[in-house]
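Biologist: I would like to learn how to read this model feature by feature. Could we begin with a pair of helices?

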Amino acid sequence: MTAYLLKRLIIAALTLVLASMVVFAVMEVLPGDPARLMLGLNASAEQVEALRNQMGLNAPLMLRYLHWVGGLLNLDFGRSYTYSVPVIDLVRERIAVSLPLALIALALSTIIAIPVGVFSASRQGRAGDTLAMGAAQLGVAVPNFWFALMLIYLFAVWLRLVPAGGFPGWGAGIWPALKSLILPAIALALPQAAILGRVARSALIEVLNEDYIRTARAKGLPYRAVLWRHALRNAMIPVLTILGLQFAFLLAGTIIIENVFYLPGLGRLIFQAITQRDLIVVESIVMLLVAAVILINLLVDFSYAIVDPRLRGRQ
Amino acid sequence: MTMRIDLPEETIAGVLAKALGNRSFLVGLIITLLIVAVALVSFVWTPYDVTKLVIADKTQPPSWAHWFGTDHFGRDILSMIMVGARNSIAVALVAVGIGMGIGVPLGAFAAARGGLADEALMRVNDLVFAFPALLSAIMITAIFGPGAVNAIIAIGIFNIPVFARVARAGALAIWPREFILAARAAGKGMTRITVEHILPNIATLLLVQGTIQFALGILAEAGLSYVGLGAQPPMPSWGRMLFDAQTRMVTAPWMAIFPGMAIVVTVLGLNLLGDGLADILDPKSRRRR
């Protein structure tokens, strides 16, 4: 098992380094001079050149890359050109919206999907299964931002139960803050739950056809116990894979959903940064999200080993 | 000579009969053909001209004259959805083409060569997968500016590792077969075996994946257009229509409802088609059902 974990760890680290190079290279070729941007159009060429030197923009490519990576490792992402504050402060403030949103959505999606998957698998081919899988089929086809608009129309415009958008901040109390995250979380979660439910169902059905399930039934275990204890555990590998992918997708998905609900999260920040050409902010957020995705995939790989003892013996 | 091993004792007639008996496939096919037909019809006829702004008719609710209502410029929503279908289909189709065109040769090559080439491909795959599609799209549009073409590139790039992975996995399963051994004994090279024996045998896998990626491409395009990174006005696109609708949810909800339903129906149709195809073409999934 150590060999397996070590290999995954090395691959993750390698991917992270390559990804940082890609992000850095992309930002290098982008048009727009940050020094010029900070000083405005009226600055003289000498002033711009002086600031470029001061910002280290004239240093050799490799040096600037190492400097940037070194900064990232120390959580020093540099200063935003437009906000004139350290990027880390912006990120810290915004992540307090995006991360809870993604986590609530992930929890919601799992809470809905696993029971639906188990329900469907245990009634394979019957009316309940057909209905649930029909709903899932529909759920997969719904774009989350459109679903969000419909939710706003129903719950905020019509029923006036929750705010249509905006975020009061965690300082305003847990409940008002949570209340403005409910609709966005549902909008993110339901389409994901549809995918997860389908995966859970087909993984379970595959497992339920295995011999050891028949053995468990034959020794007199009730169906319910077999289903939840034996089958579900063995069906967890594909479910975990999808969960990992989904968390990555949810993090990216928040980018769009935050724009629907005017939530001050990382997604709003990255769009503002793009339009204002605040590249250091764009670069930092992209790198942060990519690192999160790589880390999650690594955790998923590790969790395989926990869920599936067979993997522990394998290289 | 190519060999088919996917459907051992099945004839074309047999597959057809199975297709006609598969509800998911039939419904999916009908919806997909309908959407394609609507997109094609929009080239020669739409109920109203989508390039003409009729301010007197702005934000009209659905009526006999305008089935799906009108937008804030007085344009007919139904006509815009018809024209928008072109954009969605074109973007998703080309993106799938990019993914297949580059991903399948890469995957097939990696499977044929194995070793270092294979390992390198899988690592590059990991790298691309680390960038959520939307994120890479944002980066690409940040470099080249927003537009339909850049949306295609962004979605297409994300499709490459998907097809590379499917092609590789499919090819790896075929290589140890006896008829491949026979082909090698006959002196055929790696490339020739791949083209003549491997590709025909993984074609059904690729077709199913292609349908899924097509549906995902339509969703991705809508998302990009919605945040302003896809097709630019005045070209009608479903995502853009939803963006315009967002600030008018209270006064003109139909502006959001119908373009969204167009996306849902299209994606649903493609997904049903993909599911049905997988059932018909893959003997294993039939048993599982």
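Biologist: In which hand does helix 3 of chain B pass helix 4 of chain B?

Modeller: The idea is to look at the turn of one helix against the other. In this predicted model, helix 3 of chain B makes a left-handed crossing with helix 4 of chain B. Their axes are 7 Å apart, and the packing angle is about 145 degrees.

Biologist: Which residues of helix 3 and helix 4 of chain B meet there?

Modeller: Helix 3 of chain B brings B:Leu106, B:Phe109, B:Ala110 and B:Arg113, which meet B:Gly115, B:Ala117, B:Asp118 and B:Leu121 of helix 4 of chain B. Sorted by class, this contact has five nonpolar, one polar and two charged residues.

Biologist: Let's move on to the chains. How many residues does each chain put into the contact between chain A and chain B?

Modeller: For a contact like this, start with the residues on each side, then ask which elements carry them. Chain A gives 40 residues and chain B gives 32. On the side of chain B that touches chain A, the elements with two or more residues are helix 4 (115-130), helix 5 (133-144), helix 8 (190-226), helix 9 (238-246) and helix 10 (254-281) of chain B. Helix 10 of chain B has the largest share of that side, eight residues.

Biologist: And what is the make-up by class of the side of chain B that touches chain A?

Modeller: That side has 25 nonpolar residues, with four polar and three charged ones.

Biologist: What does the domain assignment give for chain A?

Modeller: Here you read the bounds, then the spacing, then the contact. Chain A is assigned domain 1 (2-73) and domain 2 (89-311). The C-alpha centres of these two domains of chain A are 33 Å apart. Their contact draws 16 residues from domain 1 of chain A and 13 residues from domain 2 of chain A.

Biologist: Which helix of chain A gives the most to the domain 1 side of that contact?

Modeller: Helix 1 (2-29) and helix 2 (34-39) of chain A each supply at least two residues to the side of domain 1 that touches domain 2. Helix 1 of chain A gives the most, with 11 residues. By class, that side of domain 1 of chain A has 12 nonpolar, three polar and one charged residues.

Biologist: Where does the UniProt record place the annotation "transmembrane region"?

Modeller: Compare the record with the model, span by span. For chain A, the unreviewed UniProt entry puts this annotation on residues 95-119, 140-161, 237-257 and 285-307. In the model, residues 237-257 of chain A are 100% helix, with end C-alpha atoms 29 Å apart. Residues 285-307 of chain A are also 100% helix, and their end C-alpha atoms lie 32 Å apart. For chain B, the unreviewed UniProt entry lists residues 25-45, 89-112, 124-145, 198-220 and 256-281. Among them, residues 89-112 of chain B are 100% helix with ends 33 Å apart by C-alpha atoms, and residues 256-281 of chain B are 100% helix with end C-alpha atoms 38 Å apart.

Biologist: Where is confidence lowest and where is it highest in chain B?

Modeller: Read the average, then look for the weak stretch. Chain B averages a pLDDT of 85, and 93% of the residues score at least 70. Helix 2 (residues 23-44) of chain B has the highest mean, 93, whereas helix 11 (residues 283-288) of chain B has the lowest, 47. Over residues 285-289 of chain B, pLDDT stays under 50. Where pLDDT is low, the predicted coordinates should not be read in detail.

Biologist: What are the ipTM and pTM scores of the model?

Modeller: The model scores ipTM 0.85 and pTM 0.85.

Notes: Residues numbered from 1 in each chain as written. Chains lettered and ligands numbered in written order. Predicted model: local features only at pLDDT ≥ 70, side-chain atom pairs only at ≥ 80, totals over all residues. Contact = placed C-beta atoms within 7 Å. Helix = DSSP H or I, 4+ residues; strand = E, 2+ residues; numbered from the N terminus. Nonpolar A, V, L, I, M, F, W, Y, C, P; charged D, E, K, R; others polar. Domains from an automatic or database assignment. UniProt positions renumbered as here; feature names shortened; annotations may be inferred. pLDDT = per-residue confidence, 0-100. Axes fitted to C-alpha atoms, helices over the stretch in contact; angles between N-to-C directions. Left-handed = near helix turned anticlockwise from the far one by under 90°.
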